[in-house]
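Please examine the sequence and the structure shown below. The paragraphs that follow lead through the packing, the metal sites and the charged pairs.

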Amino acid sequence: MRISDAMVSAINDQIKAELDSAYIYLAMSAYFKAEGLDGMASWMKKQYSEEVEHAEKFISYLYERGARVIIPDVAKPKESYADALDVFRTAYAHEQYVTSRIYKLVDLAIEEKDYATQSMLQWFVDEQMEEEDNTGSIVSKLEFLGTDKHGVYTVDRELALR
Ligand SMILES: [Fe+2]
Ligand SMILES: [Fe+2]
C-alpha cells in the first residue's frame with residue numbers, strides 16, 4: 001500500500017523535530033562544557049547522537065516506503081541557561097513536547113489505517129517513555145540534592161558514567 005502524502009509530510013516534519021532536538025542537546029553540551037561540567041556535557045553529547053539516530057530512523061523508513069525525504073533547516077538553539085537544573089528542566093519539557101508529536105503521528109497513522117507506520121512508530125512511543133523517564137529523573141535528583149556546587153557536582157559525576 002502506498003504511503004499517503006500527508007503521512008510523508010508529517011514524517012518529514014518529525015525529521016526536522018529530531019534534528020532540532022539534536023541541535024538543542026549539542027548546544028546544552030557546549031553550555032555544560034563551558035561551565036566545567038564535563039559529565040553533563042558528555043551525557044548531552046550522547047543525547048545529541050541519539051537524536052541524530054532518531055532522524056536517521058525516520059529517513060530510512062521513508063526510503064523503505066519509496067517516499068521523498070526533505071532535509072530541513074535546523075533552528076539555532078538557545079545558548080545560555082540559568083543553571084544545570086534549568087537545562088534539565090528544559091530538556092524534560094522538550095521530551096514531553098516530542099512525545100506529544102509522536103502521539104499525533106500515531107493518531108494520523110491510525111486514521112489512515114497505515115499499519116506499517118503504526119508499527120514503526122511503536123518504537124518511538126517506547127523510546128519517548130524512556131527519554132521522559134531519564135530526563136525527568138535527573139530533574140528530580142537535582143531538585144533533591146540542590147543546585148549548589150556539591151549537588152551539581154554529584155550529579156555531574158554520575159552522568160559521566162552514561
Ligand atoms: Fe528523538
Ligand atoms: Fe529525545
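Leucine 62 is in contact with Ile3, Val8, Ile11, Asn12, Ile15, Ala67, Arg68 and Val69, once its neighbours within four places in sequence are set aside. These contacts belong to a predicted model. Leucine 62 is also one of the residues with the most contacts inside the largest nonpolar core, a set of 24 residues; Ile3, Ile11, Ile15 and Phe58 are the others named in that respect. Helices α1, α2, α3 (84-111) and α4 (115-145) each contribute at least two residues to this core. A second core, separate from this one, has 21 residues, including Phe32, Trp43, Ala91 and Leu159.

Glutamine 14, a polar residue, has its place in helix α1. Its relative accessible area is 0%, so glutamine 14 counts as buried. Apart from residues up to four places away in sequence, glutamine 14 touches Phe58, Val98, Arg101, Ile102 and Leu105. Phe58 is among the residues with the most contacts inside the largest core.

The overall architecture can be stated briefly. The chain holds five helices and zero strands, in the order α-α-α-α-α along the sequence. Its C-alpha atoms fill a box of roughly 55 × 25 × 25 Å along the principal axes. Of its 162 residues, 44% count as buried. Among contacts with a separation of 6 or more, 80% join residues that are 24 or more positions apart.

The metal sites come next. Which residues supply the protein donors of the iron ion (ligand 1)? They are Glu18 (OE), Glu51 (OE) and His54 (ND1), lying 2.1 Å from the ion. Along the chain these donors follow the spacing E-x32-E-x2-H. Glutamate 18 lies in helix α1 (residues 5-34) and histidine 54 in helix α2 (residues 38-64), so this pair ties together parts that are 36 residues apart in sequence. Both glutamate 18 and histidine 54 are buried.

The iron ion (ligand 2) has Glu51 (OE), Glu95 (OE), Glu95 (OE) and Glu131 (OE) as its protein donors, at 2.0 to 2.6 Å. Their spacing along the chain is E-x43-E-x35-E. The angles among the four donor atoms range from 53 to 150 degrees, and the site is irregular. A tetrahedral assignment would require all angles to lie between 85 and 135 degrees, which is why this range does not qualify. The two iron ions, ligand 2 and ligand 1, are 3.3 Å apart, and glutamate 51 coordinates both. Glutamate 51 in helix α2 and glutamate 131 in helix α4 link parts of the chain that are 80 residues apart. Glutamate 51 has a relative accessible area of 1% and is therefore buried.

Glutamate 131 merits a closer look. Its relative accessible area is 2%, so glutamate 131 is likewise buried. What is the nearest side chain of opposite charge to glutamate 131? It is arginine 162, 5.2 Å away. Glutamate 131 has no salt bridge, because that distance exceeds the 4 Å cut-off for such a pair. Leaving out residues up to four places away in sequence, glutamate 131 touches Gln47, Glu50, Glu51, His54 and Glu95. Of these, Glu51 and Glu95 are also donors of the iron ion (ligand 2).

Salt bridges occur elsewhere, and a search of the whole structure finds seven. Arginine 162 meets glutamate 50 in one of them, at 3.2 Å from N to O. That pair links arginine 162, in the segment after α5 (149-159), to glutamate 50 in helix α2, 112 residues apart. Arginine 162 is partly exposed at 29% relative accessibility, and glutamate 50 is partly exposed at 24%.

Arginine 65 forms a salt bridge with aspartate 114, the closest N and O atoms being 3.3 Å apart. Arginine 65 lies in the loop between α2 and α3 and aspartate 114 in the loop between α3 and α4, so the bridge ties together parts 49 residues apart in sequence. Aspartate 114 is buried, with a relative accessible area of 4%. Lysine 113 lies in the loop between α3 and α4 and counts as exposed at 55% relative accessibility. The phi angle of lysine 113 is near 50 degrees, a positive value in a residue other than glycine.

Arginine 89 and glutamate 143 form a further salt bridge, with 2.8 Å between the closest N and O atoms. This bridge links helix α3 to helix α4 across 54 residues.

Note on methods:
Residues are numbered from 1 along each chain as its sequence is written. Chains are lettered from A and ligands numbered from 1 in the order in which they are written. This is a predicted model: local features need pLDDT of at least 70, side-chain atom pairs count only at pLDDT 80 or more; totals for chains, interfaces and linings use all residues. Side-chain values use heavy atoms; hydrogens and water are left out. Donors are N, O and S atoms within 2.8 Å of the metal (3.2 Å for Na, K and Ca); water is not among the atoms, so sites may look incomplete. Helices (H or I, at least four residues) and strands (E, at least two) are DSSP runs, numbered from the N terminus. Buried means under 20% relative accessible area, exposed over 50%, partly exposed in between (1.4 Å probe, protein chains only). A nonpolar core is a set of buried Ala, Val, Leu, Ile, Met, Phe, Trp, Tyr and Cys residues joined through side-chain atoms within 4.5 Å. Contact means heavy atoms within 4.5 Å. Lys and Arg count as positive and Asp and Glu as negative; His and the chain ends are not counted. Four donors count as tetrahedral if all angles lie between 85 and 135 degrees; four count as square planar and six as octahedral if opposite donors are over 155 degrees apart and all others between 65 and 115; anything else is irregular.
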